[in-house]
Amino acid sequence: MLARSWMKVRMRRIIHIDMDCFYAAVEMRERPEIAHRPIAVGGSSGRGVLTTCNYEARRFGIRSAMPVFQAKQRCPHLTVLPVRFELYREVSRQIREIMHTFTELVEPLSLDEAYLDVTHLARPGAEVAAEIRANIYEATRLTASAGIAPNKLLAKIASDWNKPNGQFSIPPSAIPAFVKTLPIRKIWGIGPKSAEKMAALNVNTCGDLQAMAKADLIHEFGSFGLDLYHLCRGRDERPVQANRIRKSLSNERTYSHAFTSLSSCEAALERQFEELVEDLKTHAAERRIEKLFVKLKFSDFRRTTVESMDKQPNWKTYLALLRTAWGRSGESVRLVGLGVRFAEAHRGPEQMELALFPSESSAREW
Ligand SMILES: [Mg+2]
């Protein structure tokens, strides 16, 4: 009985919406005459790296973060278009408005991705997700994919399952079977190197990971080991945070090949810097910045963070921070992160706690 009421209180219904190759899709909509051709967006930065590409281009093995010259080798007739953030931001606002007609609890992750908590709606999550996607298509002529699950971790994994223009539900009863065979790479925080390390221990799926003792996970992965203990069981208690007061904004990326030279690391940082600048415009235009920081994770899993008191995000400072961080280890670099920390802000309205009180029907109807 106790267990049941615990389940009831904790049971959320989360939808993760992810637009399909968003920037490229917007460009295809705007330029129907070339929509059927392989298209990529980006490549205008100093290093000439693609931001995203359409599915036609993906058939040639082209993917985001690929240098333009390499993409052109794989597909000589690839059309590379400049990034038009202003336009994407406008479409993104439109999509966000549609989401808000379903719930106040919308947590954007980027221009084309968001979590929605729809626990309070007395309808199956899959039905709500289908309607959101239909409304988005109706308004924008763009397709989205959705994942529906009791938590953020699984909703995000699920939105990738039937991509593009599809959706996938993981009801509570399906979680144990779903995570059993789920590759550990699908869990946030597990990069290629950690996956490799685990593969050496014969751990490839979340089911394998479940067999590891909590103490061993902590020994292997530090505090993240404790997260892993829960994540590999499909548990994730993070609430959807609408209107959250961010303390910082950053992006970090784990690379499949470690950087052994400072210059290759700088190239990666530059791409991420451009993304950060865009994210700041989207999510934190009015916030006062207190510090800039760069974070690196090395091949031996050690991490380091270097900060500066600069109030303006600028490439020169980030480059200097990267060089300092790089100098702290002789190891190659697996993960590159950069961001800003904000000055204290007045607290906004407290987050709605609707999610904690699902109706009886919502607990049943999946
Ligand atoms: Mg997307």
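In this report, helices (H or I, at least four residues) and strands (E, at least two) are runs assigned by DSSP, and they are numbered from the N terminus. The model described here is predicted, and its protein chain contains 15 helices and 12 strands. Of the 366 residues in the chain, 36% are buried. Among contacts between residues at least 6 apart in sequence, 63% join residues that are at least 24 apart.

**Helix 9 and its two faces**

Helix 9 spans residues 192–200, and within this helix Lys193, Ser194 and Met198 are buried. Seen down the axis of helix 9, these buried residues fall within an arc of 135 degrees, so they line one face of the helix. This arrangement can be compared with a general rule: an α-helix has 3.6 residues a turn, so residues three or four places apart point the same way. The buried residues of helix 9 pack against strand 12 (333–342), while the face turned away from the buried side carries the exposed residues Glu196 and Ala200. Helix 9 is followed by Asn202, which has a positive phi, near 70 degrees.

**Helix 5 against helix 6**

Two packed helices are described by the angle between their axes and the distance between the axes. For helix 5 (residues 85–100) and helix 6 (residues 125–140), the axes come within 10 Å and cross at roughly 140 degrees, and the crossing is right-handed. Helix 5 contributes Val91, Gln94, Ile95, Ile98 and Met99 to the contact, and helix 6 contributes Ile132, Asn135, Ile136, Ala139 and Thr140. Sorted by class, the contact has 7 nonpolar and 3 polar residues, with no charged residues.

**A sheet of three strands**

Strands of a sheet pair through backbone hydrogen bonds, either parallel or antiparallel. An open sheet of 3 strands in this model has the order 3-2-4, with mixed pairing. Its edge strands are strand 3 (50–53) and strand 4 (79–81), each of which pairs on one side only, and neighbouring strands of the sheet are turned against each other by 30 degrees on average, direction ignored. Strand 2 (residues 39–42) pairs with strand 4 in the parallel sense over 3 bridges, and one bridge joins Ala40 to its partner Val80 in strand 4. Helix 2 (residues 22–30) packs on the sheet and touches strand 2, strand 3 and strand 4, with its direction making about 115 degrees with that of strand 2.

**Three loop residues**

The table places three loop residues and gives their C-beta neighbours.

| Residue | Loop between | C-beta neighbours |
|---|---|---|
| Phe102 | helix 5 and strand 5 (106–110) | 18 within 10 Å |
| Asn165 | helix 7 and strand 8 | 13 inside 10 Å |
| Phe301 | strand 10 (289–298) and strand 11 (303–308) | 16 inside 10 Å |

A residue is buried at 20 or more such neighbours and exposed at 12 or fewer, which is why Phe102, Asn165 and Phe301 count as partly exposed.

Leaving aside its neighbours within four places in sequence, Phe102 is in contact with Leu116, Val118, Val128 and Ile132. The C-alpha atoms of Phe102 and His120, which are 18 residues apart along the chain, are separated by 9.9 Å.

Asn165 is not a glycine, yet has a positive phi of about 55 degrees, and Phe301, also not a glycine, has a positive phi of about 75 degrees. Pro164 lies in the loop between helix 7 (152–159) and strand 8 (167–169), and the peptide bond from Lys163 to Pro164 is cis, with omega near -5 degrees.

Methods:
Residues are numbered from 1 along each chain as its sequence is written. This is a predicted model: local features need pLDDT of at least 70, side-chain atom pairs count only at pLDDT 80 or more; totals for chains, interfaces and linings use all residues. The arc is that of the directions from the helix axis to the C-beta atoms. Two residues are in contact if their C-beta atoms, placed from the backbone, lie within 7 Å. Axes are lines fitted to C-alpha atoms, for helices over the stretch in contact, and angles run from 0 to 180 degrees between N-to-C directions. A crossing is left-handed if the near helix is turned anticlockwise from the far one by less than a right angle, and right-handed if clockwise. Ala, Val, Leu, Ile, Met, Phe, Trp, Tyr, Cys and Pro count as nonpolar, Asp, Glu, Lys and Arg as charged, and the others, Gly among them, as polar. Two strands pair if DSSP finds at least two bridges between them.
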